[in-house]
Amino acid sequence: MSKIEFTSQQKQTMCRALQRYLEDEWDIEMGQFDNDFIFDCIVSKFGRAF
(Lines give C-alpha, C1' and ligand atoms only; values in the text may rest on other atoms or scores of the structure.)
Protein backbone atom coordinates (compact mmCIF):
# COMPACT_ATOMS: atom_id res chain seq x y z
CA MET A 1 0.00 0.00 0.00
CA SER A 2 1.16 3.49 -0.72
CA LYS A 3 1.86 6.03 1.99
CA ILE A 4 -0.80 8.65 2.72
CA GLU A 5 0.63 12.09 2.04
CA PHE A 6 -0.66 15.64 2.47
CA THR A 7 0.67 18.98 1.34
CA SER A 8 2.27 21.01 4.11
CA GLN A 9 -0.72 23.38 4.08
CA GLN A 10 -3.20 20.49 4.39
CA LYS A 11 -1.22 18.98 7.26
CA GLN A 12 -0.94 22.34 9.01
CA THR A 13 -4.70 22.91 8.74
CA MET A 14 -5.54 19.45 10.06
CA CYS A 15 -3.00 19.71 12.88
CA ARG A 16 -4.52 23.01 13.99
CA ALA A 17 -7.98 21.44 13.96
CA LEU A 18 -6.69 18.51 16.04
CA GLN A 19 -5.00 20.89 18.47
CA ARG A 20 -8.21 22.94 18.89
CA TYR A 21 -10.23 19.75 19.43
CA LEU A 22 -7.88 18.48 22.12
CA GLU A 23 -7.93 21.85 23.87
CA ASP A 24 -11.69 22.40 23.63
CA GLU A 25 -12.95 18.90 24.35
CA TRP A 26 -10.25 17.38 26.56
CA ASP A 27 -8.45 20.40 28.06
CA ILE A 28 -5.18 19.06 26.67
CA GLU A 29 -2.68 21.69 25.57
CA MET A 30 0.08 20.48 23.29
CA GLY A 31 2.83 22.23 21.44
CA GLN A 32 3.17 22.02 17.68
CA PHE A 33 5.84 19.30 17.78
CA ASP A 34 3.73 16.98 19.95
CA ASN A 35 0.63 17.73 17.92
CA ASP A 36 2.44 16.92 14.65
CA PHE A 37 3.66 13.65 16.17
CA ILE A 38 0.12 12.64 17.25
CA PHE A 39 -1.27 13.60 13.83
CA ASP A 40 1.36 11.50 12.02
CA CYS A 41 0.61 8.57 14.33
CA ILE A 42 -3.13 8.79 13.67
CA VAL A 43 -2.59 8.97 9.91
CA SER A 44 -0.20 6.02 9.86
CA LYS A 45 -2.29 3.80 12.16
CA PHE A 46 -5.84 4.66 11.11
CA GLY A 47 -5.72 6.74 7.91
CA ARG A 48 -6.32 3.88 5.50
CA ALA A 49 -9.63 3.09 7.20
CA PHE A 50 -10.94 6.44 6.06
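Student: How much of the protein's accessible surface belongs to carbon and sulfur atoms?
Tutor: The model is a predicted one. Its accessible surface comes to about 4,500 Å². The share of that area belonging to carbon and sulfur atoms is 55%.

Student: What percentage of the residues is buried?
Tutor: A residue counts as buried when its relative accessible area is under 20%. The protein has 50 residues. Of these, the buried ones make up 14%.

Student: How many helices and strands are there in the protein?
Tutor: The C-alpha trace spans about 35 × 20 × 15 Å along its principal axes. Within the protein the count is two helices and zero strands.

Student: Which residues form the salt bridge?
Tutor: A search of the whole structure finds one salt bridge. Its N to O distance is 2.9 Å, and the cut-off is 4 Å. The side chains that meet there are those of Asp-40 and Lys-11.

Student: How many residues apart are Asp-40 and Lys-11?
Tutor: Asp-40 is in helix α2, which covers residues 32-46. Lys-11 is in helix α1, residues 8-26. The pair links distant parts of the chain, and the separation is 29 residues.

Student: Is Lys-11 buried, partly exposed or exposed?
Tutor: Partly exposed covers the range between under 20% (buried) and over 50% (exposed). Its partner Asp-40 has 37% relative accessibility and counts as partly exposed. Lys-11 has 25% relative accessibility, so Lys-11 counts as partly exposed.

Student: What is the angle between the planes of Phe-6 and Phe-39?
Tutor: The whole structure holds one aromatic pair. Phe-6 and Phe-39 form this pair, at 5.9 Å centre to centre. The pair is tilted, and the angle between the planes is 55°.

Student: Which parts of the protein does the pair of Phe-6 and Phe-39 tie together?
Tutor: The two residues are 33 residues apart in sequence. Because Phe-6 and Phe-39 lie in separate parts, the pair ties together the segment before α1 and helix α2.

Student: Is Phe-39 buried or exposed?
Tutor: Phe-6 has a relative accessible area of 37% and is partly exposed. For Phe-39 the relative accessibility is 8%. The cut-off for buried is under 20%, so Phe-39 counts as buried.

Student: Which residues form the negative surface patch?
Tutor: The protein has 6 positive and 9 negative side chains, and the centres of the two sets lie 11 Å apart. Asp-24, one of the patch residues, is found in helix α1. Asp-24 is exposed, at a relative accessible area of 59%. The patch is formed by Glu-23, Asp-24, Glu-25, Asp-27 and Glu-29.

Note on methods: Residues numbered from 1 in each chain as written. Predicted model: local features only at pLDDT ≥ 70, side-chain atom pairs only at ≥ 80, totals over all residues. Heavy atoms only, no water. Helix = DSSP H or I, 4+ residues; strand = E, 2+ residues; numbered from the N terminus. Buried < 20%, exposed > 50% of the residue type's maximum accessible area, 1.4 Å probe, protein only. Areas by Shrake-Rupley, 256 points an atom, 1.4 Å probe, with all protein chains shown as cover. Lys, Arg positive; Asp, Glu negative; His and termini not counted. Charge placed at Lys NZ, Arg CZ, Asp CG, Glu CD. Patch = residues over 30% accessible without salt bridge, like charges linked within 9 Å, V, L, I, M, F, W, Y side chains within 5 Å. Phe/Tyr/Trp six-rings, centres within 6.5 Å; stacked < 30°, edge-to-face > 60°.
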